[in-house]
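Reader: Please give me a close look at one part of this structure, and then place that part in its surroundings. Which stretch would you pick, and what lies around it?

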Amino acid sequence: MSGLGYTAPAALAVFAVCALEFGILRTGLFRRPAYWISMVIVIGFQILVDGWLTKLTAPIVIYDDRQTIGVRFPFDIPLEDFLFGFALVTAVLLLWERRRHRPEVSEQ
Amino acid sequence: MDRWQYLIVLGACLFITAPLELLGSGVYRQPGRVAAAIWPVAAVYLIWDAIAVAAHVWSFNPRYILGALAPGDLPVEEVLFFVVIPLCALLTYSAVDSMLSVLRRRFAEVKRQ
């Protein structure tokens, strides 16, 4: 495999998650302030945890730099990891929302 | 001790987020809903992960993992990652959501007075 073997699927994952929401599930997750506040918190902690996993001085996960665009910030985190994490967390929250019990019918 | 690093990181994530369970309707108290939210996503990510490892897109440093491998040549820690991180995200979202609901109710009460 040559080049962008991480970048391409990571971008595809973000696209797929958005397509899942807007095309199929329509949970309204992206309109909920709780989602965006949570994502800010999640990304904050991702930087700590992912930074520990990917730091080049003692990496737990080792990336082939030919498979990424090469941007590693902060703490040597590949930019692609943020797409990977965004899609992972958002997909789980979408499936969680789908099962929301709605005692009060919320604004659609 | 170094070989426990990845597992310890995951344990720390669960430990730090555990108190969030007490806010709102919880996550661990809804095991069926948790399973339904996590397993399909984890399955897709594990397939992606196994392909990436087979294609040498990324690999795991043997210094920091216990060495037990799951199907797809993935370290067991990596498999647990796809359960632990979603749990942390659900706990965060559930806690934020319930805190916002409380705030909204308070504001509504203040307005009515």
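Author: Helices are DSSP runs of H or I with at least four residues, strands are runs of E with at least two, and both are numbered from the N terminus. With that in hand, take the loop between E1 and H3 of chain A, where Asp76(A) is found. Bear in mind that the model is predicted.

Two backbone features mark this loop. Start with the peptide bond from Phe73(A) to Pro74(A). The bond is cis, and its omega is near -15°. Pro74(A) sits in the loop between E1 and H3 of chain A. Next comes Asp76(A), in that loop too. Its phi is near 65°, a positive value in a residue other than glycine. Most residues other than glycine have a negative phi, and most peptide bonds are trans. Is Asp76(A) buried or exposed? Neither: it counts as partly exposed, because 15 C-beta neighbours lie inside 10 Å. A residue needs 20 or more to be buried and 12 or fewer to be exposed, so a count between these limits is partly exposed.

Now step back to the chain that holds the loop. Chain A has 3 helices and 1 strand. Along the sequence they run α-α-β-α. The C-alpha trace of chain A spans about 50 × 30 × 15 Å along its principal axes. Of the 108 residues in chain A, 32% are buried. Take the contacts in chain A between residues at least 6 apart in sequence: 71% of them join residues at least 24 apart.

H2(A) deserves its own look. This helix has 22 residues. From first C-alpha to last it reaches 30 Å, close to the 32 Å expected at 1.5 Å a residue. H2(A) also bends, by about 25°, at Gln46(A). Gln46(A) is one of the buried residues of H2(A); the others are Tyr35(A), Ser38(A), Met39(A), Val42(A), Val49(A), Asp50(A) and Leu53(A). What do they pack against? Within chain A, the partners are E1 and H3. From chain B come helix H1 (5–17) and H3. So the two elements that flank our loop, E1 and H3 of chain A, are also packing partners of the buried residues of H2(A).

That leads to the interface. Here 29 residues of chain A are in contact with 29 residues of chain B. On the chain A side, the elements that give two or more residues are helix H2 (33–54), strand E1 (61–63) and helix H3 (79–98). H2(A) gives the largest share, 10 residues. By class, this side has 24 nonpolar, 3 polar and 2 charged residues.

The strands meet across the chains as well. E1(A) pairs with strand E1 (residues 58–60) of chain B, in the antiparallel sense, over 3 bridges. Tyr63(A) stands opposite Trp58(B) in E1(B).

Chain B has a positive phi of its own. His56(B) has phi near 60°, and it is not a glycine. His56(B) lies in the loop between H2 and E1 of chain B. It is partly exposed, because 14 other C-beta atoms lie within 10 Å.

Further along chain B comes helix H3 (residues 76–112). It has 37 residues and reaches 54 Å from first C-alpha to last, close to the 54 Å expected at 1.5 Å a residue. A kink of about 25° lies at Phe82(B) in H3(B), shortly before the proline Pro86(B). Val76(B) is in this helix. Leaving out residues up to four places away in sequence, Val76(B) touches Leu66(B), Ala68(B) and Ala70(B).

How far can you trust all this? The model scores ipTM 0.94 and pTM 0.92. Chain B has a mean pLDDT of 95, and 100% of its residues reach 70 or more. Chain A averages 91, and 91% of its residues score at least 70. Over residues 104–108 of chain A the pLDDT is below 50, and this stretch has 0 contacts in the model beyond near neighbours in sequence. Where pLDDT is low, the predicted coordinates should not be read in detail.

How values were computed: Residues are numbered from 1 along each chain as its sequence is written. Chains are lettered from A and ligands numbered from 1 in the order in which they are written. This is a predicted model: local features need pLDDT of at least 70, side-chain atom pairs count only at pLDDT 80 or more; totals for chains, interfaces and linings use all residues. pLDDT is the predictor's confidence in each residue, from 0 to 100. The expected span of a helix is 1.5 Å times one less than its number of residues. The bend at a residue is the angle between axes fitted to the seven residues ending there and the seven starting there. Two residues are in contact if their C-beta atoms, placed from the backbone, lie within 7 Å. Ala, Val, Leu, Ile, Met, Phe, Trp, Tyr, Cys and Pro count as nonpolar, Asp, Glu, Lys and Arg as charged, and the others, Gly among them, as polar. Two strands pair if DSSP finds at least two bridges between them.
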